[in-house]
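Biologist: I have not looked at this protein before. Please show it, and then I will ask what lies behind the terms used for it.

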Amino acid sequence: MMRSLISTLLISLLVAACGGGDDDVGTTDMGQPDMVGVDMRVDVDLGEQDMGGVVIPCVEDATLGEACSNNSDCDDGCACNGVEQCSAEGICQEGVDICFNENRCVTVSCDEDAEEGEECTFDLDDSECDDGLACNGAEVCNRDVGCISGTPLFCSDDDTCTIDSCDDDVGCVYTPRDLDGDGFISEACTRPDGERGLDCDDDPRFGAMINPEAEEVCDNRRDDDCDGLRDFRDDDCNPTNTDCATVQLLPGPGTYSGSTRALDDSAALTCLAGGRDAYFQFNLPEVRDLRIAISGANAAVALRAAADCASDEMDLRCVSGTSPEIFLRSVEPGDYTIVVTQTGTTDVFDLTLRFEDATTPPPLDVCAPLPDGVDISATGLFSGSFTDLVDDYTQSCATPAGNGIDAAYVFDLPPTGDFDVSLRATPMPFGSLGLSVLTDCTDTTTELGCSATFGTQNINLRDVSPGTYFVVVDNRNVSTTDFTLDVAITPTVARLPGDSCNVAIDITPPMGMMVGSGISALSGTPSPGFDGGVSCNPATNSDSYFEFTLTATQDVRVTTAAGFASHSTALMDTCGDFMSERRCSTRSGTQTQLFRSLPAGTYFIGVATTATTGSVNATIEVLPPTTPPANDVCTGATVLSVPSDTVSGIDLTGFQRDDPGCRAGTSNVEAFYEFTLATASFVSVSAVPAMGTDPEDITLTLKDSCAAATNLACEDGSAGAGPTITQVLMPGTYVVVAEAPELTPSTFDLTFAAVASGP
């Protein structure tokens, strides 16, 4: 009906506009002026539709439900709601909205006044698509398909110090690394505040128990409290296994932390006297090879049967030196004790215990008489290898005595007279060897000769009696793997006077005289031989021997010379026996030694020299006996008071030479002092020379026992001042050796101070 009304109205207007008459202005039938030339179209605020020049006002949905014969009858003059359709039943139906969009994130608007094709406006709202989860990315609105999923976040900052994750509330999260979950950031990383992390072990397997707030566990080989000090290196840990009653049980093979800090000197090992001792015990369940290794210097390790734990003479094996190691083959099952001894300031170590498959030692590894031993009686050149050998034997001339892999040989001398024996051992590649000849491989006191230096070793024995003898070649250098042994055995020939102990030159002063002397030629016919030298120089070219007899206790001054060549002089109770030497000293030119209060008896002087021509001169002066000062020997050392002490006016005139200090082998004489520390302390010892004494003549030596082979410190005086030793020392007893030249008057004060350095 509305469509018909609009059509009727339009037609009426058109007819009126086209009315007849010639007047420019006429009147209608209703008496109104004629509107020729006037635009009578109706403006509609909602829009209008141009129908072939006829504009149809937009009245939205005005034609719906009206009768129609075609689609144009249904046009409501509006573009935005689409084109209305005339149904088959002749009824107007609504059209399809030209801006229709069913997506919830799209807001649609339509402008009836816009140019054709530009009526629709689509506003997209991404917030309508947001699912509230940051990790799956930001959702966006698309006009055609609606909400589109976002790209999931890839949370990686390429930083190994962060744990990368995603939180749906905030997105990517980069957490400082704490893999073990103990609340402490790895020390390899930086904390959010810019400081370095504090966790020294962030391993997720066991690091949760290791952090700055944890307690140090003293035997797990970890730095539990992250202070940079593991186990007994940490002051929080102090060992208690100081004797057999407090022995630490080892559960089996492994590496264990140990320390001798504040432990007692409760054991005297066969290879090291003095020091602080730690005790361990383990069970060997079956016959196995056994290896025990100790880290660190100034240490010794001994193995004993557990039943002999407190027996100092029952070591199954004892090795001393730097990182000593014991290896024993086919050890019987049972309980065993390990004693670790340390000297000096070192007080921590690692103990490694290993059980290995039992093995049979090669023939060269066993010192045995014939027919079991390796026979060299036939003489000649023998080749040997240290491969698969172990350290079985010790040598008196090797330092430390028991740390070298060794090979053993045997030879028999027939009962047809005495023989000369010449042995020459050469390392390959070049290195250090020890060479010894003995009658019992397990007893160094039976040595007939011993030589241990760098390169080829020589031993020449004269007038050797019939019997069985053993030769031990000791490897003193890890690079040496092989060696040769050249053996020569010949019947003994006549000797020049002084060439051997059998023909030692008697220099006893004639009756009523105080001085006796003799000369031993180093060349001539028959050619002099070398018999093994003396303990402080067993590898020289020539040696000579003298003897004298005292009928009563006397002081004896011994003077020797071998031209200008270096020579070593030893006074012996038994000729050729290193163990009977009272003193051995080396120097060039003339040297003099004073021996106080020698008891009545016969004594021998051995002189070993690098010279091969000329002669050796020996002179003795027999003097009335004198009593040496108590501290002329280490066992009578003067005790220094702690925390401080001063000994004034020390004069070494009349002291004798004992060679235990830093200047062993010189013409220095020594005085001995000792002190005992109850706690760890900073110690200072100084020698202050008196007017007229050259400070450079004085030497101070610090040792941790009289018998210690290694000095803790050694200081000489300088042109401006006497020597001073400063050290931080653990609790224990220590020895100070003050030295000065024997023939140069030296007077000085000794000052001592100890300040506790810890709890």
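The questions below go from the overall form to a core and a single residue.

Modeller: This is a predicted model, in which local features need pLDDT of at least 70, side-chain atom pairs count only at pLDDT 80 or more, and totals for chains, interfaces and linings use all residues. Residues are numbered from 1 along each chain as its sequence is written, and side-chain values use heavy atoms, with hydrogens and water left out.

Biologist: Why is the protein called more spread out than a compact globule?

Modeller: The globule rule (2.2 Å times the number of residues to the power 0.38) is set against the radius of gyration, taken over C-alpha atoms. For 759 residues the rule gives 27 Å, but the radius of gyration is 54 Å, well over that, so the protein is more spread out than a compact globule. Along its principal axes, the C-alpha trace spans about 195 × 70 × 55 Å.

Biologist: What makes a set of residues a nonpolar core?

Modeller: Its members are buried Ala, Val, Leu, Ile, Met, Phe, Trp, Tyr and Cys residues, joined through side-chain atoms within 4.5 Å. The largest such core here has 29 residues, of which Phe675 and Leu702 touch the most other members.

Biologist: Why does Glu742 count as buried?

Modeller: Buried means under 20% relative accessible area, exposed over 50%, and partly exposed in between (1.4 Å probe, protein chains only). Glu742 has 14% relative accessibility, so Glu742 counts as buried. Contact means heavy atoms within 4.5 Å, and beyond four places in sequence the contacts of Glu742 include Thr592, Arg657 and Ser667.
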